[in-house]
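Dear colleague,

I am handing over the structure below, and after it you will find an account of what came out of the analysis. Please read the text with the model open beside you.

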Amino acid sequence: MSRSRQLNRADQVIEQVDVLLRTLIPRAAQPYRPNPALQQEHTEMSVEEKRHAAGLMRINHTGEVCAQALYQGQALTAKLDEVRDQMTQAAQEEIDHLAWCDQRLQELDSRTSLLNPLFYGLSFGIGAVAGLAGDRYSLGFVAATEDQVCHHLEEHFESLPAQDQRSRAILQQMHEDEAHHADWALAAGGVRFPAPVKKVMTLMSKVMTKSVYRL
């Protein structure tokens with residue numbers, strides 16, 4: 001029996017609240033895998049380099065907040081049990097990214113975004129609507145979203161201070177995981193979104209990145 005079938009509605013609500021708190025409360029999320037940054041040495045950076053690296057990692061942390069909310073919303077409204085279970089599994093993997101980014105922000109003497117509750121609520125609603133539209137569209141949305149995330153990560157590879165190998169190690173593992181999620185979603189039957197839809201998603205993501213870099 002799948003994990004989702006073992007939970008009644010009350011259990012699901014409790015689980016949603018638990019995920020919400022672990023996502024939004026700094027340092028509450030605990031990773032399942034070791035932080036890849038631990039394999040890299042600490043390096044000295046200037047005040048401006050640390051500020052820039054922290055801004056990028058804050059964007060990535062908020063992206064993971066959005067990912068948690070999207071997956072939770074989609075899992076809540078997914079039609080097929082296997083899709084719901086896979087959404088839940090993907091959300092658990094994203095917890096690693098969330099915790100790693102949080103840990104790196106602490107190392108950079110910075111903090112997570114003040115706008116995270118807002119973006120969590122918006123993303124949860126989008127995910128729930130995508131799930132209601134049907135599993136093929138929900139999976140397609142996952143694939144399109146993960147493609148956007150991979151694009152942002154590739155930009156951050158180039159923008160990070162050259163000596164910040166700890167942040168880079170985190171982003172490299174995140175990129176590998178996100179690409180895997182996108183491939184899974186399409187292989188599971190997700191539709192490929194047309195270019196105009198992806199363009200709108202890109203514009204929305206730019207609003208998030210520009211606002212979160214400093215806030």
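Let me begin with the enclosed space. The count of cavities of 30 Å³ or more comes to 1, and the volume of the largest cavity is about 60 Å³. Its lining is formed by Gly 140, Ala 143, Ala 144, Asp 147, Leu 186, Val 191, Arg 192, Phe 193 and Lys 198, and these lining residues divide into 5 nonpolar, 1 polar and 3 charged. Helix 5, which runs over residues 135–159, gives the most to this lining, with 4 residues. Please keep in mind throughout that this is a predicted model.

The open space comes next. The largest pocket holds about 630 Å³, and 28 residues line this pocket, with Cys 66, Leu 70, Thr 145, Ser 205 and Met 208 lying nearest its centre. Two or more lining residues come from each of helix 2 (47–77), helix 4 (116–132), helix 5 and helix 7 (195–212), and the largest share, 9 residues, is that of helix 2. By residue class, the lining of the largest pocket divides into 16 nonpolar, 9 polar and 3 charged. As a general point on such searches, rolling a probe the size of a water molecule over the atoms shows where empty space is left.

As for the chain as a whole, there are 7 helices and 0 strands, so that reading along the sequence gives the pattern α-α-α-α-α-α-α. The chain has 215 residues, of which 48% count as buried, and it exposes about 10,700 Å², with carbon and sulfur atoms supplying 59% of that area. Among the contacts in the chain with a separation of 6 or more, 87% are between residues 24 or more positions apart.

What is the disulfide count in this model? The count comes to 0 disulfides. Two cysteines can be described further: Cys 66, one of the residues nearest the centre of the largest pocket, is buried because its relative accessible area is 12%, and Cys 150 also counts as buried, because its relative accessibility is 8%, where the limit for the buried class is under 20%.

Several individual residues deserve a look in the viewer, and I take Asp 102 as the starting point. Is Asp 102, which is found in helix 3 (residues 81–107), buried or exposed? Asp 102 counts as buried, because its relative accessibility is 8%. Leaving aside the neighbours within four places in sequence, Asp 102 is in contact with Pro 26, Arg 27, His 61 and Thr 112.

Asp 109 is found in the loop between helix 3 and helix 4, and Asp 109 counts as exposed because its relative accessibility is 63%. The backbone at Asp 109 has a phi near 55 degrees, which is a positive value in a residue other than glycine. For context, most residues other than glycine have a negative phi.

Leu 122 is found in helix 4 and is partly exposed, with a relative accessible area of 49%. The C-alpha atoms of Leu 122 and Ala 69 are 8.3 Å apart in space, while the two residues are 53 residues apart in sequence. Ala 133, in the loop between helix 4 and helix 5, is likewise partly exposed, at a relative accessible area of 48%, and its C-alpha atom is separated by 9.9 Å from that of Gln 74, with the two positions 59 residues apart along the chain counted as their separation.

Finally, which residues does Tyr 213 touch, not counting those up to four places away in sequence? They are Arg 51, His 52, Gly 55, Leu 56, Arg 58 and Ile 59. Tyr 213 has its place in the segment after helix 7, and Tyr 213 is buried, because its relative accessible area is 16% and the buried class takes values under 20%. The C-alpha atoms of Tyr 213 and Met 57 are separated by 8.4 Å, although the two residues are 156 residues apart along the chain.

With best regards

Key: Residues are numbered from 1 along each chain as its sequence is written. This is a predicted model: local features need pLDDT of at least 70, side-chain atom pairs count only at pLDDT 80 or more; totals for chains, interfaces and linings use all residues. Side-chain values use heavy atoms; hydrogens and water are left out. Buried means under 20% relative accessible area, exposed over 50%, partly exposed in between (1.4 Å probe, protein chains only). Contact means heavy atoms within 4.5 Å. On a 1 Å grid over the protein atoms alone, a cavity is a set of points where a 1.4 Å probe fits but cannot get out, and a pocket is an open set with protein on both sides within 12 Å along at least five of seven lines; lining residues have an atom within 4 Å of a point. Grid points are joined across faces, edges and corners, and a volume is the space filled by probe spheres set on the points. Ala, Val, Leu, Ile, Met, Phe, Trp, Tyr, Cys and Pro count as nonpolar, Asp, Glu, Lys and Arg as charged, and the others, Gly among them, as polar. Accessible areas come from the Shrake-Rupley method with a 1.4 Å probe; for residues, only the protein chains shown count as cover. A disulfide is a pair of cysteine sulfur atoms within 2.5 Å.
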